[in-house]
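Biologist: I am new to this structure and would be grateful for a close look at a single part of it, chain A. Please describe that chain as a whole, then what lies within it, and then what it shares with its surroundings.

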Amino acid sequence: MTSAFRMNPDGLQRLLALLQQMDYETIGPTMSGDAITYDRIASISDLPVGWTDEQAPGIYRLVRGDDREYFGYTLPAQSWKRFLYPPFRKLFSIKKNGKSLELDEAESGTAKYAFIGVRACELSAISIQDKVFNLGEYRDDNYLSLRKKIFVVAVNCSHAGDNCFCTSMKTGPGAKHDFDIALTEILKEGDHYFIAEAGTEAGSAIIEMIGPGKATDDEIAAADNVVRETAAHITKSMDTRGLPELLADNLEHSQWEDVAKRCLTCGNCTMVCPTCFCSTVEDATDLSGQVAERFRRWDSCFTMDFAKVSGGNFRISPKSRYRQWLTHKLSSWVDQFGVSGCVGCGRCIAWCPVGIDLTAEVKAIRGTSVKQEKEV
Amino acid sequence: MIESPVADNEIEAVNAMTPALAAIRRVTWETDDTFTLLIDPPLMNGRPFSFRPGQFNMVYAFGLGESAISISSDPAKSNSLAHTIHRVGTVTSALSRLRRGDTIGLRGPFGTAWPLEEAVGKDVCIAAGGIGLAPLRPVIYTLISRRKEFGRIVILYGARSPLDLLYRVELEEWSKVPNTEVIITVDRGDSSWKGHIGVVTALFSYIKMDSPSTIAMVCGPEIMMKYTYEELERRGLSQEQIYISMERNMKCGVGLCGHCQFGPRFICKDGPVFRLPQVRHLLDKKEI
């Protein structure tokens with residue numbers, strides 16, 4: 001950390017207010033029923049202060065943590081994906097005019113979001129979706145138009161969840177890139193403050209406006225220690241050596257049958273995944289039949305109709321649908337976009353109703369890989 | 001703000017998800033369940049419509065949705081655009097009810113093309129099954145209009161029955177082009193049928209191929225393509241000389257919706273036309 005500042009909790013409120021004055025819609029973690037989700041926040045009192053989460057395969061629970069801590073949880077239920085890539089979006093409306101049609105294209109998103117509390121793994125997820133939606137000749141203009149306007153306040157992780165494996169995916173727990181401001185929350189012997197670091201000029205300018213003092217060497221060391229301690233407490237791991245090839249070589253491994261016995265093909269994993277990007281389109285007409293609209297909606301490769309064509313269905317079995325998801329995420333994604341589709345956030349593990357853990361599936365395949373069997 | 005993934009001026013003004021509107025000039029029924037829409041080509045993003053043989057459009061039927069349909073007209077004729085469509089689902093049924101002057105939406109052209117330039121100076125073997133002849137018709141038009149640039153042309157075509165044969169008049173015309181052979185087979189004949197009966201692959205026994213200098217272009221049901229490329233390989237063609245055109249569920253046509261994935265490939269943008277080694281290892285596996 002070259003220029004780190006010490007900011008008290010009221011500085012965090014000042015940061016929110018400044019962003020709001022700059023016409024940013026401030027989005028951050030907030031309580032929603034029995035979960036923490038990302039939503040509009042007006043002030044720091046909307047943050048889940050004093051709450052932390054327990055996560056395990058198929059399990060997500062909120063429990064009381066340190067009463068003062070604003071960012072004491074691991075990860076909210078949903079990712080930032082729904083803001084940059086809305087789950088449901090109108091593409092156009094079209095109406096009949098005699099034999100001809102008149103088309104009215106929907107406007108691209110105009111919202112200007114400030115994301116407060118982005119985790120390191122989620123920064124990686126956003127940079128992965130940047131590649132997905134901006135590759136080659138055709139791009140998702142709506143994503144890009146929202147994306148280029150965001151202001152990102154990252155918050156380094158101070159609690160390792162049981163489903164976290166960012167250290168294996170080399171995405172966390174400390175934010176290294178793609179933020180305007182990165183914060184580390186420190187609770188130490190009755191002292192409560194944030195270490196703020198700017199990642200961009202815009203971030204620098206705002207820190208200056210808040211006017212915090214320079215952090216001392218001890219305070220900087222304390223912040224570094226938070227990230228180091230979190231990393232040390234991450235217990236889950238995934239061996240990524242040769243992983244794309246391993247899965248591509250094992251498309252007929254018996255483990256796919258095994259996981260298919262457990263998988264409900266509900267698609268939860270794809271909804272909570274911060275990088276899954278599949279979508280479908282929906283058409284609707286009004287009662288007169290004269291006006292129609294077309295929408296894009298998130299879709300999941302687990303749905304029965306995903307690979308259906310008029311002449312048949314290319315992926316009927318749950319086995320083939322789970323295999324499509326996992327091999328895409330960890331193997332063919334690399335062929336397509338040059339990076340893995342997994343950031344190690346563990347949401348797919350927590351929100352799987354039967355607790356399927358992709359790291360365990362990978363481990364099982366690696367343990368009895370056909371390639372390895374040949375070598376034996 | 002953090003570094004933008006694209007500079008402002010790089011963002012295309014064009015939304016690939018918005019169709020251009022086009023009027024139908026004529027509807028021709030090719031068979032009981034297959035028809036051709038002849039369309040006035042619309043301006044696509046302000047430019048005249050042009051395409052390469054093998055490419056497809058997303059064809060929109062008002063209020064019901066889109067289907068990915070290959071383009072089956074002559075790419076040299078810029079004043080008309082044709083789609084031959086098999087009436088099977090909701091969208092294609094709606095399209096089948098349209099008449100002259102009705103309007104449809106079009107997005108495209110998308111996808112890869114048949115390897116015309118690679119075929120220059122070589123023999124060309126075209127093998128089509130059923131509606132698979134439609135995406136091959138533009139390449140046949142081009143081969144014939146540039147006839148001298150290619151060696152022998154063989155067109156092998158199989159349909160379910162004599163009444164299911166597409167483009168019968170044109171098949172007859174093509175067979176009269178010098179050094180061009182058209183051989184047709186049907187699964188089931190009828191009282192008037194005097195031609196071949198059986199699968200497309202059986203037709204290979206009637207032709208001689210100069211294997212080292214042949215380019216094969218194959219389109220039909222996946223099982224037909226599989227038997228065809230296996231037969232071509234037995235006859236000495238390498239995988240590199242064989243091209244196939246594939247079909248999958250498509251929602252966007254531009255690599256953004258994820259539906260058409262086949263292993264690492266997006267059928268919509270990496271295909272639909274593939275050189276066989278790009279997909280061969282996956283075609284042998286079920287439910288990829």
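Modeller: A helix is here a DSSP run of type H or I with at least four residues, a strand is a run of type E with at least two, and both are numbered from the N terminus. The model is a predicted one. On that footing, chain A holds 14 helices and 16 strands. Its radius of gyration is 22 Å, close to the 21 Å given by the globule rule for 376 residues, so chain A is as compact as a globular protein of that length. Taken along the principal axes, the box filled by the C-alpha atoms of chain A is roughly 70 × 70 × 40 Å.

The interior of the chain can be described in several ways. Of the 376 residues in chain A, 57% are buried. Among contacts in chain A with a separation of 6 or more, 71% are between residues 24 or more positions apart. Towards the outside, chain A has an accessible surface of about 15300 Å², and carbon and sulfur atoms account for 50% of that area.

Two residues illustrate the interior. Met238(A) is placed in the loop between α7 (217-232) and α8 (243-248) of chain A. Buried means a relative accessible area under 20%. Met238(A) has a value of 5%, and is therefore buried. Beyond its neighbours within four places in sequence, Met238(A) is in contact with Phe165(A), Ser168(A), Met169(A), Leu243(A), Leu330(A), Cys342(A), Thr359(A) and Val362(A). Cys166(A) is 72 residues from Met238(A) along the chain, and their C-alpha atoms are separated by 9.3 Å.

The other residue is Gly11(A), which belongs to helix α1 (residues 9-21) of chain A. Gly11(A) is also buried, with a relative accessible area of 6%. From Gly11(A) to Thr359(A), one of the contacts of Met238(A), the C-alpha distance is 39 Å, with their positions 348 residues apart in sequence.

Enclosed spaces come next. The whole structure contains 10 cavities of 30 Å³ or more, and the second largest of the cavities has about 140 Å³ of space. It is lined by 16 residues, of which Cys263(A), Cys269(A), Tyr322(A), Cys352(A) and Ile356(A) are the closest to its centre. Two helices of chain A, α10 (268-272) and α11 (318-337), each give two or more residues to this lining. By class, the lining of the second largest cavity has 13 nonpolar residues, 3 polar and no charged.

The second largest pocket takes the account beyond chain A. Its volume is about 660 Å³. Among its 30 lining residues, those closest to its centre are Glu137(A) and Tyr138(A) from chain A, with Asn45(B), Gly108(B) and Phe110(B) from chain B. Strand β6 (residues 103-110) of chain B supplies the largest share of the lining, 5 residues. The lining of this pocket is made up of 14 nonpolar, 10 polar and 6 charged residues.

Chain B may therefore be set beside chain A in brief. Chain B has 6 helices and 15 strands. Its radius of gyration, 19 Å, is close to the 19 Å that the globule rule gives for 288 residues, so chain B is as compact as a globular protein of that length. Buried residues are 59% of the 288 in chain B.

Definitions and conventions:
Residues are numbered from 1 along each chain as its sequence is written. Chains are lettered from A and ligands numbered from 1 in the order in which they are written. This is a predicted model: local features need pLDDT of at least 70, side-chain atom pairs count only at pLDDT 80 or more; totals for chains, interfaces and linings use all residues. Side-chain values use heavy atoms; hydrogens and water are left out. On a 1 Å grid over the protein atoms alone, a cavity is a set of points where a 1.4 Å probe fits but cannot get out, and a pocket is an open set with protein on both sides within 12 Å along at least five of seven lines; lining residues have an atom within 4 Å of a point. Grid points are joined across faces, edges and corners, and a volume is the space filled by probe spheres set on the points. Ala, Val, Leu, Ile, Met, Phe, Trp, Tyr, Cys and Pro count as nonpolar, Asp, Glu, Lys and Arg as charged, and the others, Gly among them, as polar. The radius of gyration is taken over C-alpha atoms; the globule rule is 2.2 Å times the number of residues to the power 0.38. Buried means under 20% relative accessible area, exposed over 50%, partly exposed in between (1.4 Å probe, protein chains only). Contact means heavy atoms within 4.5 Å. Accessible areas come from the Shrake-Rupley method with a 1.4 Å probe; for residues, only the protein chains shown count as cover.
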